[in-house]
Amino acid sequence: MNHLDHVELNEDDFTKEFEFGFQSIRDSLVHVAGCYHAWLGSFVLSETSSPLLTKEVLNTMQVDDIKRYFEQADRYVEKVFEQFTDKFDESIEKELAWRANSGLIRKTPRQLLVHSITHESHHKGQIVAMLRLLGHTPKNTDILGLSAKELTK
C-alpha cells in the first residue's frame, strides 16, 4: 500500500499543490489512508471516533508519520477480514462518528472494503501523475510489473 517506496522527494515536491486530486502528494496519501481509518476503523470496527486528521496535524506530517497512518489502516483491513468473514454482507447501520448530523448510514463490510480499495486506486493514479509532473519516473505499480521479491512482501 505504500506509494512512496523507491521515490526520493524533497519537501517542496512532497507538499507542492496541484490543480487536481487532493492538492499534494502528502495530502493525497493522508486522504487515502484516512478513508480506511474512517470506513473500516470507525464505521465497521468502531475502534476510533475521530479517524480523520485535522488540517493542522496534516500540515506537520512527515513521511514516517504517513507510513504509520497506513500501517494502522492495514491493521484495520486485517481486522475486518478476521472479524467479518462470516458476516461480510450483513448491513451495519449507524451515524458517522466523524461527521455531525450524518444521519443513519447503512453499508456492509464488503461495500466499505471495496470502496476503500477502489478509492485508493483512484488516488494512486493521481499521485503517479503528480510524480510524473514533478519529473519523477515512478516504479510500475501494477502487480504484473513487480519482481518476484516484491510480490512476496
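**Close-up views of a predicted model**

**View 1. W39 and F43, an aromatic pair within helix α2.** W39 counts as buried, because its relative accessibility of 18% falls under the 20% limit. The model shown is predicted, and W39 shares helix α2 with F43, the two residues being 4 apart, or about one turn of the helix. F43 has a relative accessibility of 1% and therefore also counts as buried. The aromatic pairs come to 3 by the ring-centre rule. In the pair formed by W39 and F43, the ring centres are 5.6 Å apart and the planes meet at 65°, so the arrangement is edge-to-face; the angle qualifies because edge-to-face pairs have planes over 60 degrees apart. Ring pairs also bring in W98, so that W39, F43 and W98 form a cluster.

**View 2. Lysine charges placed over phenylalanine rings.** The face of F43 has K94 lying over it, at 5.5 Å from the ring centre. F43 is thus a residue with two roles in these views: its ring is paired with that of W39, and its face is covered by K94. A further case involves F84, where the charged end of K87 sits over the ring at 5.3 Å from its centre. Which of these phenylalanines is buried at 1% relative accessibility? That residue is F43.

**View 3. The surroundings of H37 in helix α2.** Helix α2 spans residues 25-44 and includes H37. Is H37 buried or exposed? H37 is buried, because its relative accessible area is 6% and the limit for burial is 20%. Leaving aside residues up to four places away in sequence, H37 touches S42, T48, P51, Y69, Q72, A73 and Y76. Of these contacts, Y69, Q72 and A73 are among those that fall within the range of helix α4, residues 63-84.

**View 4. The salt bridge of R68 and D65 in helix α4.** R68 belongs to helix α4, which covers residues 63-84. The closest N and O atoms of R68 and D65 are 2.6 Å apart, and the two residues form a salt bridge. The side chains of R68 and D65 also make a polar contact at 2.6 Å. About one helical turn separates R68 from D65, because they are 3 residues apart in helix α4. R68 counts as partly exposed, with 49% relative accessibility; D65 is likewise partly exposed, with a relative accessible area of 25%. Both values lie between the 20% and 50% limits, so neither residue counts as buried or as exposed. R68 is also 9.8 Å from A33, C-alpha to C-alpha, although 35 residues separate R68 and A33 in sequence.

**View 5. K79 and E47, a salt bridge between distant parts of the chain.** K79 and E47 form a salt bridge in which the closest N and O atoms are 2.9 Å apart. The pair links distant parts of the chain, with K79 in helix α4 and E47 in the loop between α2 and α3, 32 residues apart. The third helix, α3, comprises residues 55-58. K79 is partly exposed at a relative accessible area of 28%, and E47 counts as partly exposed at 38% relative accessibility.

**View 6. R26 and D27, a salt bridge between buried residues.** The side chains of R26 and D27 meet in a salt bridge at 2.9 Å, N to O. Both R26 and D27 are buried. How many salt bridges are counted in total? The count comes to 6.

**View 7. The whole chain as context for the close-ups.** The chain has 6 helices and 2 strands, which follow the order α-α-α-α-β-β-α-α from the N terminus. The chain has 153 residues, and 39% of them count as buried. Of the contacts between residues at least 6 apart in sequence, 65% join residues at least 24 apart. The chain exposes about 9,200 Å², with carbon and sulfur atoms supplying 50% of that area.

Methods: Residues numbered from 1 in each chain as written. Predicted model: local features only at pLDDT ≥ 70, side-chain atom pairs only at ≥ 80, totals over all residues. Heavy atoms only, no water. Buried < 20%, exposed > 50% of the residue type's maximum accessible area, 1.4 Å probe, protein only. Contact = heavy atoms within 4.5 Å. Areas by Shrake-Rupley, 256 points an atom, 1.4 Å probe, with all protein chains shown as cover. Phe/Tyr/Trp six-rings, centres within 6.5 Å; stacked < 30°, edge-to-face > 60°. Lys NZ or Arg CZ within 6 Å of the ring centre and 35° of its normal. Polar contact = N/O pair within 3.5 Å; in protein donor to acceptor, adjacent residues only side chain to side chain. Salt bridge = Lys/Arg side-chain N within 4 Å of Asp/Glu carboxyl O.
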